[in-house]
Amino acid sequence: MSTPVSEPLNKQLSAAVSKPRRRPIRFPWLLVYAIGYLIFLYLPVLLLPLFSFNDGTIVAFPMKGFTLKWYAQLGEQDTLLQAMVNSLIVGAVTALVATSLGLFAARAYVRYRFKGRELSEGLVMLPLVIPGIIVASSMLVLFISLGLKPSLTTVILGHVFVALPFAVSIMKSAFDDFDQSLEEAAFDLGESVIGTFRRVTLPIVAPGIVASLLVTFTVSFDEFVLAFFLSGNQPTLPVYIWSQIRFPAKLPNTLALGSLLLLASVLLLLTAEYFRRRSAKSA
Amino acid sequence: MTTQNIIEISGVEKRFGTFTAVRDLNLTLKEGEFFSLLGPSGCGKTTALRMIAGFQDHDAGSIRIGGQDMEHIPANKRPTNMVFQSYAIFPHLNVGDNVAFGLRKLKLGKAETEERVAEALEMVELGGLQSRKATELSGGQRQRVALARALVMRPKVLLLDEPLSALDKNLREAMQFEMRRLQQKLGITFVMVTHDQYEAMTMSDRIGVMFKGQLKQVDKPEVLYARPCSQEVAAFIGGMNFLDAAVTGEVNGKLHADLQGFGPLSIDVNPNVARRGPQLLAGIRPEQLEISAQKPDGYDGYLQGTVTNAAFYGENVHYHVTTDGLSQPIAVSVPNYFHTVDHKQGDPVWLGVQNASVIDLGAREA
């Protein structure tokens, strides 16, 4: 407590503390810009749930009254429920297939140096830059010439194609911080190749797998162009919503549905973030 | 008591494309031996260790462990276990599960597994830490867990890849003695790869020195230090003054030679020397030289010179002494008795050397 502080140090300290006070107060342009940007970005999204409670079919102010009937009606619409089920099936299968393929591809890309590695990595990433409409129409031509009728199967095949780059890049970053000697150590301790994969590789890249599943599911759930071309008479949810939006009477239902999807995706995101933080803490 | 050969390596070669990482490796290790492979980085010592472990195939020759040929036997079926340089502690398992990892495959009962894990942790002085998370361990503790995880398998041979290089100096020195004690208690053969000569010398029964894929010399630490087989081995282990000498004759295993700066001396023929030439290269360890202001009594060769550098190292004092006709100053190391540096830069001094302190190193290397 009684340690003497030298005079110059004292002066330096007080100078450092008082410096910000002397700065002139300026108009916070940056803050205004940031708030304006956020409003522009999210206000339309917030209008969606707002009008889903509006007792009227016209989406305009002033609002007429509060109602939950649009939500209640959702449960009675069989085609909507069927489209929802279709989307869930497509999303789940796409997530599983793309993530499994991505897991093995990423491990090979990170671990081994083989001929054509860079070329194949480039090809895997290509769907990110090819226009969806090109992919969709060429796939439709391809599947029909192969005798595959448009169905959920063809949608899944298309979605795996577009979701794979996401799965591969997420899994690659999971393998990047993975010490190769961990697998060698397991093998050295008598474990088989498959046992090593199951007991060491999988648990360690598990957070990456969860992240990849969530992202590829979202990519598929959202996707419209491919689904529109390839789904035939089994529409996914985006295709169904698009078909409904032409009928003004159905619009409030679509808003209710959209609000529910918004809520679900926020919850999904929070869950993913929770798992990500937990895995980051343990690593 | 006869000790069996546990590892027999003959004519082993390993190539990566056009690069030969290990060439014509011949090595026989006895049961219960602590053996170190010492060499600079990239000399092929880690590749040799990984071939013994089974992580790498050999292109020629044979490796036998416990009398059994290891050709086509993968790492998970070999009677060896490894301590990795990074320790490779499984981050998703606690200490107990890390140590029990290999035991699960042996299908022992739960009680026996737990008993062996406890015993192994006790051995490395981590008793009772079974439920500690792997991510909460310090560097030294990780090293101990890696040791316990390998030793719990009761391997015939324990392989260690630079096991102490990730630890700080004090911890490293403590672990050197502890690992040596553990190895002697268990009687398991340890094969360690290191680039640290002191580590190799303090821990090993025998050391193999490797350069550019070739095993140059295998000997006990003191023999390696006193009778290195060549200039490069001598230069890698400890300090050494290299001096040219002209041989005038050889009588009863002694070379009579005129040593640069020191004059005529009688040098023991070094049986380990691999290559001889017209000119003899002699070596003198810095600590084997006497340094004095007056001509000291009882030495076989003398040199009069000037101190060009004096440095206090704590446990000893280092001098550089030069004289006309020497291309390199001679390094001298004197134990620190009185915390003083007796000779200053520019002082004239005498150096004295005994016949027995001069090492025959064969031909000078280009």
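Colleague: I am looking at strand β4(B), and I would like to start small. Which residue is the bridge partner of Glu13(B) there?

Modeller: Glu13(B) has Ala60(B) as its bridge partner in β4(B). Before going on, please keep in mind that this is a predicted model. As for the general idea, strands of a sheet pair through backbone hydrogen bonds, and the pairing is either parallel or antiparallel. Here, strand β1 (residues 5-16) of chain B and strand β4 (residues 60-65) of chain B run antiparallel, joined by 5 bridges.

Colleague: What is the order of the strands in the open sheet that holds those two?

Modeller: The order is β2-β1-β4-β5 (chain B), an open sheet of 4 strands with antiparallel pairing. At its edges lie β2 (19-30) and β5 (68-69) of chain B, each of which pairs on one side only.

Colleague: Chain B also has a sheet of 6 strands. In what order do they come, and what is the pairing?

Modeller: Reading across, you find β6-β7-β8-β3-β9-β10 (chain B), again an open sheet, and the pairing is mixed. The edge strands are β6 (80-83) and β10 (214-219) of chain B, with each pairing on one side only. From one strand to the next, the twist averages 20°.

Colleague: Let me walk through the middle of that sheet. Which strands pair with β8(B), and over how many bridges?

Modeller: On the one hand, β8(B) pairs with strand β3 (residues 34-38) of chain B in the parallel sense over 5 bridges. Phe34(B) is the residue opposite Phe190(B) in β8(B). On the other hand, strand β7 (residues 157-161) of chain B runs parallel to β8(B), and 5 bridges join them. For that pair, look at Asp161(B), whose bridge partner in β8(B) is Val193(B).

Colleague: And how many bridges are there between β3(B) and β9(B)?

Modeller: There are 4, and β3(B) pairs with strand β9 (residues 206-211) of chain B in the parallel sense. Leu38(B) finds its bridge partner, Val209(B), in β9(B).

Colleague: How do I read the two faces of a strand such as β8(B), and which residues lie on each side?

Modeller: In a regular strand the side chains alternate between the two faces of the sheet. For β8(B), Thr189(B), Val191(B) and Val193(B) are on one side, while Phe190(B), Met192(B) and Thr194(B) are on the other, and both faces are covered. Strand β8 (residues 189-194) of chain B has 6 of its 6 residues buried.

Colleague: Now helices. How many residues of α1(B) are buried?

Modeller: In general, an α-helix has 3.6 residues a turn, so residues three or four places apart point the same way. Helix α1 (residues 45-53) of chain B is mostly covered, with 9 of its 9 residues buried. Among them are Lys45(B) and Arg50(B), along with Leu49(B) and Ile52(B). Just after this helix, Gly54(B) has a positive phi of about 100°.

Colleague: Turning to chain A, how many helices and strands does it have?

Modeller: Chain A has 12 helices and 0 strands. Of its 283 residues, 29% count as buried. Among contacts in chain A with a separation of 6 or more, 78% are between residues 24 or more positions apart.

Colleague: At what angle do α4(A) and α9(A) pack?

Modeller: Two packed helices are described by the angle between their axes and the distance between the axes. Helix α4 (residues 78-111) and helix α9 (residues 193-222) of chain A pack at about 135°, with axes 8 Å apart. The two helices α4(A) and α9(A) are therefore oblique to each other, and their crossing is right-handed. The residues that meet include Gly91(A) and Ala95(A) in α4(A), and Leu213(A) and Phe217(A) in α9(A). By class, the contact of α4(A) with α9(A) has 9 nonpolar, 8 polar and no charged residues.

Colleague: How do α8(A) and α9(A) cross?

Modeller: The axes of helix α8 (residues 180-188) of chain A and α9(A) come within 9 Å, crossing at roughly 155°. That makes α8(A) roughly antiparallel to α9(A). Leu182(A), Glu183(A), Ala186(A) and Phe187(A) of α8(A) make the contact with residues of α9(A) including Arg199(A) and Ile204(A). The contact of α8(A) with α9(A) divides into 5 nonpolar, 2 polar and 2 charged residues.

Colleague: Finally, how many residues of chain B are in contact with chain A?

Modeller: 17 residues of chain B are in contact with 17 residues of chain A. The side of chain B that touches chain A has 10 nonpolar, 6 polar and 1 charged residues.

Methods. Residues numbered from 1 in each chain as written. Chains lettered and ligands numbered in written order. Predicted model: local features only at pLDDT ≥ 70, side-chain atom pairs only at ≥ 80, totals over all residues. Axes fitted to C-alpha atoms, helices over the stretch in contact; angles between N-to-C directions. Parallel < 35°, antiparallel > 145°, perpendicular 65-115°, else oblique. Left-handed = near helix turned anticlockwise from the far one by under 90°. Contact = placed C-beta atoms within 7 Å. Nonpolar A, V, L, I, M, F, W, Y, C, P; charged D, E, K, R; others polar. Buried ≥ 20, exposed ≤ 12 C-beta atoms within 10 Å, placed from the backbone. Pairing = 2+ DSSP bridges.
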